[in-house]
Amino acid sequence: MADSPAIPPGPPGPAAYGYPQPPRPGYDQPWAGHQAPAAYGQPYAPPGVPPQQFQAQPYPPPQQAYGHPQHAQPPYGQPPYGQPPYGQPPYGQRHWGGGEPPAERPSPAALVGVTCWRLVIVFAAYTGYNAFAEDTGRPIECLKELSPLSSFVAMFVYLALTAYPFVTGLRRHEPRSGWLRGSTAIVLLLVAIVWATMMSGDYEGTASMYTHLVTPLLVLADWVFVGRSQSTARWWYPLTWTLPLLAYLVFMLQADVTSYSSFLDPDSSDFLPMCLGMTAGVIAMGYALLAIGRLKTTVSTTTTGGP
């Protein structure tokens, strides 16, 4: 077979990127003007023409707002701008009520003192209830009235608080929540105030003295000076402290208790306003106890130089 005639090279190709292209070779001839692509960032150049050299420029710094200096980003979890880290209480010590949490592992002297003090409250509550039961001759029936019933309940509440450190392995001298102590104090204070004002009672007998004066004052002193769980009392505690009294009101109406009929007569038109007024007074008294507990915690923290 005859050799095919050589195809003359074609005309130069169109210019590209500002440089003339080399002539096109034939189908059986190598493209002598071909070269490898230029390096990244360098413009394409034909043979014999050196590529332009570009000098690397540093990345410009980010612009910052006028009058605000730029600060280095601190590591994750560190406070910015050189501020000291804030101390966090250990897990399990945080609470919503604020203030200092109850002390852990009380000293033996504090434990003995608190135990003896609360046994005194137990004795006062029992003395008032027992005298009331002896005067009436009906130990069970007398519990229908709020005065002996409140002392009877307070006796068991503070007996449980006395045994609490020994049940928990001497870790704390009282529970973290102060709801039970606050509720007991509210009921006893209401009994004392109603006895002294609306019922014009006296303190001549043992039952009246312990039920309406001694035991309420001891429980109030325990809330203000002795206990520490009032520092964790939540804001809604005073609202729920009315529930035991409302439950007793329902029981009083069902059991037909007449001891308080002089100002709580269901057949009177003043019954509902009186109940609402006494409920509002109990809530106000509860918030007063809450404020006293917070003030006591603040004074204790300031005196000791912080928790």
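A cavity is here a set of grid points where a 1.4 Å probe fits but cannot get out. In the predicted model, one cavity of 30 Å³ or more is found under this criterion. The volume of the largest cavity is about 320 Å³. Its lining comprises 19 residues, of which Leu146, Leu190, Leu245, Leu264 and Met278 lie closest to the centre.

Several helices contribute to this lining. At least two residues each come from α2, α3, α6 (243-255) and α7 (271-304). Helix α6 provides the largest share, with five residues. In terms of residue class, 16 of the lining residues are nonpolar and three are polar, while none is charged.

Charged side chains were examined separately for salt bridges, of which four were counted in the model. One of them pairs Arg118 with Glu174, with 2.7 Å between the closest N and O atoms. This contact links distant parts of the chain, as Arg118 belongs to helix α1 (residues 108-136) and Glu174 to the loop between α2 (146-167) and α3 (179-196), the two residues being 56 positions apart. Arg118 has a relative accessibility of 1% and is classed as buried. Glu174 is likewise buried, its relative accessible area being 0%. Both values fall under the 20% limit, and the two residues therefore count as buried.

A further salt bridge is formed by Arg181 and Asp222, whose closest N and O atoms are 3.1 Å apart. This pair, too, links distant parts of the chain: Arg181 is located in helix α3 and Asp222 in helix α4 (residues 206-226), with a separation of 41 residues. The relative accessible area of Arg181 is 3%, so this residue is buried. Asp222 is also buried, at 0%. Through shared salt-bridge partners, Arg118, Glu174, Arg181 and Asp222 are joined into one network.

The salt bridge between Lys144 and Glu141 has an N to O distance of 3.2 Å. Lys144 is partly exposed, with a relative accessibility of 32%, and Glu141 is partly exposed at 39%. These values lie between the 20% and 50% limits, so neither residue of this pair is classed as buried or exposed. In the network, by contrast, Arg118, Glu174, Arg181 and Asp222 are buried.

How values were computed
Residues are numbered from 1 along each chain as its sequence is written. This is a predicted model: local features need pLDDT of at least 70, side-chain atom pairs count only at pLDDT 80 or more; totals for chains, interfaces and linings use all residues. Side-chain values use heavy atoms; hydrogens and water are left out. Helices (H or I, at least four residues) and strands (E, at least two) are DSSP runs, numbered from the N terminus. Buried means under 20% relative accessible area, exposed over 50%, partly exposed in between (1.4 Å probe, protein chains only). On a 1 Å grid over the protein atoms alone, a cavity is a set of points where a 1.4 Å probe fits but cannot get out, and a pocket is an open set with protein on both sides within 12 Å along at least five of seven lines; lining residues have an atom within 4 Å of a point. Grid points are joined across faces, edges and corners, and a volume is the space filled by probe spheres set on the points. Ala, Val, Leu, Ile, Met, Phe, Trp, Tyr, Cys and Pro count as nonpolar, Asp, Glu, Lys and Arg as charged, and the others, Gly among them, as polar.
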